[in-house]
Amino acid sequence: MSNDDITLTAGDAEVSVLPGNGGRIGGLRIGGTELLRQGERFGCFPMVPWCGRIREGRFLDGATVRRLPLNSPPHAIHGTARDGAWRTARVSQDEAVITYELVDPWPHPGRVTQIVTLAEDSLTLTMSVETYDDSFPAQIGWHPWFHRSLGGDDVRLDFAPAWQEERGADHLPTGNRIDVEPGPWDDCFGMPDGVDVTLTWPGQLELKVTSREEWVVVYDEQAEAVCVEPQTGPPNGLNTHPRLVTPLEPLEATTTWSWRRL
């Protein structure tokens, strides 16, 4: 099938899926109110086959040091799939399945599948990475840009992480776990019981971002948007916390955004 834009609907919720623009969610509208920052770099993009920054674009793949293009010098950031065109496998009124073939500069062939499922009060994103033959380390995550304001008071962020990854001068975790420091953040947090972050636009909407994964990056240094990014490992995780994709065991992760009006 093609990579044309897709619109899903359920009740008064509407989601745009943009296979041709990195497989990203282009928009989430609830009762006509857009929750995601608009623009070709925004919405909510998949981070795969790695999340956040990889130090100097290098990671250890078995005994081989791999080098990736430095798209955020001096590091490589957010994977390759957000820069490519995905293909649509199937679509219904409230669900879309899109796929992406891993290609150069990623050193291993493989397939990424993303399932986007919309309900009247929730959006569920499920992503998997499969390999055809050889095994390789990988990560999965999502990078939504939620509007800071929906026309009223700014969004309030509530979560109770067990720790914060100490951030070094190079913007990467040092490996030390510290008590949670006050924001603004561009930081990774550990939530061993699963990601659970509540965004509240006072008097308007409450939205919960949940995932069985235990890592979440919060980025709220930008005036326009707040990012809450569940992922399968921390930044630089291909080096520090690798998850192996094998022919018998794909890597899979899910996040759900559920909302209610206030």
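In which strand does valine 17 lie? Select valine 17 in this predicted model and the surrounding element is strand E2, which covers residues 13-18. Valine 17 is buried, because its relative accessible area is 0%, and, with residues up to four places away in sequence left out, its contacts are Asp5, Ile6, Leu8, Arg24, Ile25, Ile98 and Val116. If alanine 119 is added to the selection, a C-alpha to C-alpha distance of 15 Å appears between valine 17 and alanine 119, which are 102 residues apart in sequence.

**The whole chain**

Zoom out to the full protein, where one helix is accompanied by 26 strands. Along the principal axes, the C-alpha atoms occupy a box of roughly 55 × 50 × 30 Å. The radius of gyration is 18 Å, which agrees with the value near 18 Å that a compact globule of 262 residues would have. Of the 262 residues, 55% are buried, and among contacts with a separation of 6 or more, 62% join residues 24 or more positions apart.

Switch to a surface view next: the exposed area is about 11,200 Å², of which carbon and sulfur atoms supply 46%. Colouring by charge brings up 22 positive and 39 negative side chains, with the centres of the two sets 3 Å apart.

**The cores**

Now hide the surface and select Val15, Leu199, Trp201, Leu207, Trp257 and Trp259, the residues with the most contacts inside the largest nonpolar core, which has 60 residues. Centre the view on tryptophan 259, whose contacts beyond four places in sequence include Ala13, Leu28, Ile30, Leu118 and Ala119, the run Glu120, Asp121, Ser122 and Leu123, and also Leu205, Glu206 and Leu207. Another core, of eight residues, lies apart from the largest one, and Phe45, Cys51, Trp145 and Cys227 are among its members.

**Strand E13**

Move to strand E13, residues 122-131, and pick out serine 128 within it. Is serine 128 buried or exposed? Serine 128 counts as buried, since its relative accessible area of 11% falls under the 20% cut-off. Beyond its neighbours within four places in sequence, serine 128 is in contact with Arg111, Val112 and Thr113, with Ile140, and with Leu251 and Glu252.

**Backbone stops in the loops**

The remaining stops concern backbone geometry. Most peptide bonds are trans, and most residues other than glycine have a negative phi.

Select valine 48 and proline 49 to see a cis peptide bond with omega of about 5°; proline 49 sits in the loop that runs between strand E5 (44-47) and strand E6 (53-54). A cis peptide bond also joins glycine 183 and proline 184, here with omega of about 0°, and proline 184 belongs to the loop between strand E19 (173-178) and strand E20 (186-190).

Continue to histidine 171, in the loop between strand E18 (163-167) and E19, where phi is positive, at about 75°, although the residue is not a glycine. Histidine 171 is partly exposed, with a relative accessible area of 28%.

Finish at asparagine 236, in the loop that leads from strand E24 (225-231) to helix H1 (237-240). Asparagine 236 also has a positive phi, near 65°, in a residue other than glycine. Why does asparagine 236 count as buried? Its relative accessibility is 4%, and buried means under 20%.

Key:
Residues are numbered from 1 along each chain as its sequence is written. This is a predicted model: local features need pLDDT of at least 70, side-chain atom pairs count only at pLDDT 80 or more; totals for chains, interfaces and linings use all residues. Side-chain values use heavy atoms; hydrogens and water are left out. Helices (H or I, at least four residues) and strands (E, at least two) are DSSP runs, numbered from the N terminus. The radius of gyration is taken over C-alpha atoms; the globule rule is 2.2 Å times the number of residues to the power 0.38. Buried means under 20% relative accessible area, exposed over 50%, partly exposed in between (1.4 Å probe, protein chains only). Contact means heavy atoms within 4.5 Å. Accessible areas come from the Shrake-Rupley method with a 1.4 Å probe; for residues, only the protein chains shown count as cover. Lys and Arg count as positive and Asp and Glu as negative; His and the chain ends are not counted. The place of a charge is taken as NZ of Lys, CZ of Arg, CG of Asp or CD of Glu. A nonpolar core is a set of buried Ala, Val, Leu, Ile, Met, Phe, Trp, Tyr and Cys residues joined through side-chain atoms within 4.5 Å.
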